[in-house]
Amino acid sequence: MTSVLIWGFYHQGNLGDDLMGMMLYEMLEEIGTLPVIFTSNKRFAAMGYRTVDDFSQISPDILILGGGAFFKNHAASKKMIEEKLKTLGAFIRERAIPVHGISLGSDGVSNLEALSPARQAIVKGDHFKSVALRLASDRVLGLRNMHHLADIVLLAAFCSDRYKRLTPIQPEVDAPRTLINMSRRSATHLPRILWRERGNRVAFFRAHTGEGLTRGEITIPGYDVVEDDRLCAQLGYLKAADRIISAKLHPGVIALSYGTQFESVYARPKTTAFLRETREKIPDPDLLFGEYMKHLRALA
C-alpha cells in the first residue's frame with residue numbers, strides 16, 4: 001500500500017487550509033493509499049485523521065504538497081513558515097521523496113524568482129515532479145509538469161456529502177443569515193456593509209479558530225460572533241447562511257460550493273483571479289471530483 005504524506009499549512013487553524021488537507025486525505029484513502037497529515041493541530045486527530053508532527057516518525061512513498069497560496073512573495077512570507085519550509089525541503093532531499101503539488105496557487109507572484117529561497121528550493125528541486133494549479137493563470141509560473149484543476153475547495157459541499165467525517169453540523173434555528181468575515185485591512189468597508197445589512201441577522205464569522213487563532217479577523221461589539229473550532233460546525237454555518245461577505249478567499253469558496261452568495265470585499269490578488277476564472281461558471285462538482293480522483297490515482 002502506497003504511503004502518502006500530506007503537507008500543508010495545517011497548524012494555523014485555518015478553515016480553508018484544514019479542509020483542503022482533510023479532503024485530500026479522504027480522496028487518497030478512497031483510492032486505497034495510506035495517507036497521513038503532517039500537523040500538530042489536534043482537530044485533525046479528533047476527527048479521525050492520522051497525523052504526525054515529526055519527520056522522524058514517517059517514511060512516505062510520496063509527498064503531496066497540499067493546497068494554499070504556496071507561491072508567495074518572499075517579503076510576504078512569515079519567518080515561522082519559512083523555517084518550516086526549510087525543514088520540509090531538507091526532509092525531501094534527504095529521503096529523495098517524489099513531491100506533487102495539489103491545488104497550489106499564487107498570491108500576486110508571476111515568476112519563481114520572487115519566491116523565498118525555501119520555496120524555490122522545493123519547487124526547483126529534483127524531487128518536485130508535478131503540480132496541479134488551482135488557477136489557469138498560474139501557468140505563467142513555468143513550473144515543470146503543470147496541470148490545471150480548479151480549486152479543490154469548490155468540492156467542499158460535494159465532499160461533505162460523500163465523507164462522514166466532513167458532515168456539516170446544523171446550527172441553531174436562529175443562525176445568522178449574513179456572515180461577515182473581514183480582516184483588519186478591510187475594516188474601512190464595514191460601516192457601509194453594516195448599514196446595508198441592518199435588519200438582517202448578522203454575525204461576524206471567524207475562519208481561524210482553535211490553537212492557531214490569529215486574531216486577525218475583526219469583530220464589532222454588539223454583534224454576534226461565530227467562533228467554533230469544530231470544522232464541521234463552521235461548514236454548517238456557511239451552508240445555512242444566505243450570504244457571506246468576506247475579504248478572504250476560502251470562506252467564500254466554501255460558501256459558493258453550498259450555493260451561498262459570496263460577496264468579495266477588498267480582495268487580494270488570488271481572490272480576484274479566482275473570481276475572474278469562475279465568474280461565468282462554477283465547475284460541475286461531479287466532474288471536478290472525478291478529475292481529482294483520476295489525477296491522484298495517477299500519482300499513487
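The following paragraphs lead through a predicted model, beginning with one strand and moving on to its aromatic and charged contacts.

Strand β11, which covers residues 243–246, offers a convenient starting point. In a regular strand the side chains alternate between the two faces of the sheet. In β11, Arg243 and Ile245 point one way while Ile244 and Ser246 point the other way, and all of these residues are buried. The strand has a partner in β8 (residues 178–181), with which it pairs in the parallel sense over 4 bridges. Within this pairing, isoleucine 180 stands opposite isoleucine 245. Strand β12 (residues 261–264) also pairs with β11, again in the parallel sense and over 4 bridges. Here isoleucine 244 of β11 is set opposite phenylalanine 262. Between β11 and β12 the chain passes through helix α8 (residues 250–257), and the resulting β-α-β crossover is right-handed.

Aromatic rings provide a second set of contacts, with 8 aromatic pairs counted in the model. One of these joins tyrosine 25 and tyrosine 49, whose ring centres lie 4.9 Å apart; the planes meet at 85°, so the pair is edge-to-face. Tyrosine 25 belongs to helix α1 (residues 15–30) and tyrosine 49 to the loop between α2 (42–46) and β3 (51–52), so the pair ties together parts that are 24 residues apart in sequence. Tyrosine 25 has a relative accessible area of 2% and is therefore buried, and tyrosine 49, at 3%, likewise counts as buried. Another pair, phenylalanine 55 with phenylalanine 91, is stacked, at 4.2 Å centre to centre and with 20° between the planes. Phenylalanine 55 lies in the loop between β3 and β4 (62–72) and phenylalanine 91 in helix α3 (residues 79–95), 36 residues apart. Both phenylalanine 55 and phenylalanine 91 are buried, and together with Phe38 they form one aromatic cluster.

Rings also meet charged groups. The charged end of arginine 165 sits over the ring of tyrosine 49, 4.4 Å from the ring centre. In another case, arginine 198 lies over the face of tryptophan 195, at 3.9 Å from the ring centre. A further arginine, arginine 206, is placed in the loop between β9 (202–205) and β10 (224–226). Its relative accessibility is 8%, so arginine 206 counts as buried. Its side chain reaches the backbone oxygen of glutamate 217 at 2.8 Å.

The count of salt bridges comes to 15. In one of them, aspartate 242 meets arginine 177 at 2.9 Å, N to O. Aspartate 242 lies in the loop between α7 (231–240) and β11, and arginine 177 in the loop between α5 (156–162) and β8, so this bridge ties together parts that are 65 residues apart in sequence. Aspartate 242 is partly exposed at 43% relative accessibility, and arginine 177 is partly exposed at 25%.

The account returns to β12 by way of arginine 196. The side chains of arginine 196 and glutamate 263 form a salt bridge of 2.8 Å, N to O. This bridge links helix α6 (residues 190–196), which holds arginine 196, with strand β12, which holds glutamate 263, across 67 residues. Arginine 196 also meets glutamate 197 in a salt bridge of 3.0 Å, N to O. Arginine 196 is partly exposed at 35% relative accessible area, whereas glutamate 197 is buried at 2% and glutamate 263 is buried at 18%. Through shared partners, salt bridges join Arg196, Glu197, Arg243 and Glu263 into one network; Arg243 belongs to β11, the strand described at the outset.

Technical notes:
Residues are numbered from 1 along each chain as its sequence is written. This is a predicted model: local features need pLDDT of at least 70, side-chain atom pairs count only at pLDDT 80 or more; totals for chains, interfaces and linings use all residues. Side-chain values use heavy atoms; hydrogens and water are left out. Buried means under 20% relative accessible area, exposed over 50%, partly exposed in between (1.4 Å probe, protein chains only). Helices (H or I, at least four residues) and strands (E, at least two) are DSSP runs, numbered from the N terminus. Two strands pair if DSSP finds at least two bridges between them. A crossover is right-handed if, with the strands pointing away from the viewer, the path from the first strand over the helix to the second runs clockwise. Rings of Phe, Tyr and Trp (its six-membered ring) pair if their centres lie within 6.5 Å; planes under 30 degrees apart count as stacked, over 60 as edge-to-face and the rest as tilted. A charge sits over a ring if NZ of Lys or CZ of Arg is within 6 Å of the ring centre and within 35 degrees of the ring normal. A polar contact is a pair of N or O atoms within 3.5 Å; within protein, one must be able to donate a hydrogen and the other to accept it, and residues adjacent in sequence count only if both atoms are side-chain atoms. A salt bridge is a side-chain nitrogen of Lys or Arg within 4 Å of a carboxyl oxygen of Asp or Glu.
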